[in-house]
Amino acid sequence: MAADGMKLEESAASSDGFIRVTALSELKEGKGKVFILGDDEIAVIKLTEAFTSIDGTSGQLNSRLYAFVNVCPHQHTPLVDSCGGQVSGQNLTCPMHGWTYDLKTGGCINGNGKLKMLEIRVQDGGVFVKKRKSNGTCWR
Ligand code: FES
């Protein structure tokens with residue numbers, strides 16, 4: 001586990017299983033943040049999609065948030081820690097051996113396995129993640 005993950009109290013989860021992990025304003029574009037929730041280390045990443053229109057103007061679309069169990073399926077090392085995971089577009093590359101994951105689906109682009117994606121939502125300026133079921137399976 002990454003030593004810098006903030007430990008969350010599982011008992012603080014709402015009746016539908018969501019727990020507040022941070023304020024939306026604390027998330028930096030493309031940089032993951034790590035939290036400890038029970039036996040899981042989870043990572044949250046905010047990405048904003050850019051666009052270029054046909055006339056060459058560019059801009060940004062709405063931000064999207066992604067949450068997943070912070071373990072690379074290859075050799076079970078953290079994907080996001082104080083040094084990385086490298087984010088490019090909607091993809092996250094493991095710093096160990098370069099397997100790359102699509103954060104929209106959790107699928108691996110150049111290896112095997114799949115990230116354990118978690119439900120995430122924003123409410124009243126807070127970011128909430130749904131904790132995993134007690135049997136370890138994910139909610140989505
Ligand atoms: S541990 Fe992530 S690619 Fe090998």
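Hi everyone, what follows is a short walk through the strands, the core and two glycines of this protein model.

The model is predicted, so local features are described only where pLDDT is at least 70, side-chain atom pairs count only at pLDDT 80 or more, and totals for chains, interfaces and linings use all residues. Residue numbers start from 1 along each chain, following the sequence as written.

Let me begin with confidence. pLDDT is the predictor's confidence in each residue, on a scale from 0 to 100. The mean for the protein is 85, and 89% of its residues reach 70 or more. Among the elements, β8 has the highest mean pLDDT, 96, while β1 has the lowest, 78.

Now the overall layout. Helices and strands here are DSSP runs, numbered from the N terminus: H or I over at least four residues for a helix, E over at least two for a strand. On that basis the protein has 11 strands and zero helices. I will also talk about pairing, where two strands pair if DSSP finds at least two bridges between them.

Let's take the open sheet first. What is the order of its three strands? The order is β2-β11-β10, and the pairing is antiparallel. β2, residues 18–23, and β10, residues 120–123, stand at the edges with a single partner strand each, so one side of each has no neighbour in the sheet. From one strand to the next, the twist averages 35°; the axes behind such angles are lines fitted to C-alpha atoms (for helices, over the stretch in contact), and angles run from 0 to 180 degrees between N-to-C directions.

Here is how those strands are joined. β2 and β11 run antiparallel and share five bridges, and Phe-18 stands opposite Lys-130 in β11. On the β10 side, the pairing with β11 (residues 126–130) is antiparallel over four bridges. Within that pair, Arg-121 has Phe-128 as its bridge partner, and Ile-120 stands opposite Val-129. The β10 and β11 hairpin has two residues between the strands, and there Asp-124 takes a positive phi near 50°.

Next, β3, which covers residues 33–37. Is β3 mostly covered or mostly open? Four of its five residues are buried. By buried I mean that 20 or more other C-beta atoms lie within 10 Å of the residue's own; 12 or fewer makes it exposed, anything in between partly exposed, and the C-beta atoms are placed from the backbone. Across the protein, buried residues make up 29% of the 140 residues.

β3 has β1 (residues 6–8) as a parallel partner, over three bridges, and β4 (residues 40–52) as an antiparallel partner, over five bridges. Phe-35 is a handy residue to click on: Met-6 stands opposite Phe-35, and in β4 the bridge partner of Phe-35 is Ile-42.

That brings us to the first glycine, Gly-38, in the loop between β3 and β4. This hairpin has two residues between its strands, and Gly-38 takes a positive phi near 60°. Why does Gly-38 count as partly exposed? Because 15 other C-beta atoms lie within 10 Å. Contacts here mean C-beta atoms, placed from the backbone, within 7 Å of each other. Setting aside neighbours within four places in sequence, Gly-38 is in contact with Glu-10 and Lys-131. Gly-38 and Lys-131 are 93 residues apart in sequence, with 8.8 Å between their C-alpha atoms.

The second glycine is Gly-113, in the loop between β8 (100–102) and β9 (117–118). Gly-113 is partly exposed because it has 14 C-beta neighbours inside 10 Å. Beyond residues up to four places away in sequence, Gly-113 touches Pro-73, His-74 and Cys-108. His-74 is 39 residues from Gly-113 along the chain, and their C-alpha atoms are separated by 7.3 Å.

Last stop, the nonpolar core, meaning a set of buried Ala, Val, Leu, Ile, Met, Phe, Trp, Tyr and Cys residues joined through C-beta atoms within 7 Å. Which residues touch the most other members of the largest core? Of its 29 residues, they are Ile-42, Val-44 and Val-129. The elements giving two or more residues to this core are β2, β3, β4, β5 (58–69) and β11. Val-129 has contacts beyond four places in sequence that include Phe-18, Ile-42, Val-44 and Ile-120. And for the whole protein, of the contacts with a separation of 6 or more, 48% are between residues 24 or more positions apart.

Thanks for listening!

Notes: Contact = placed C-beta atoms within 7 Å.
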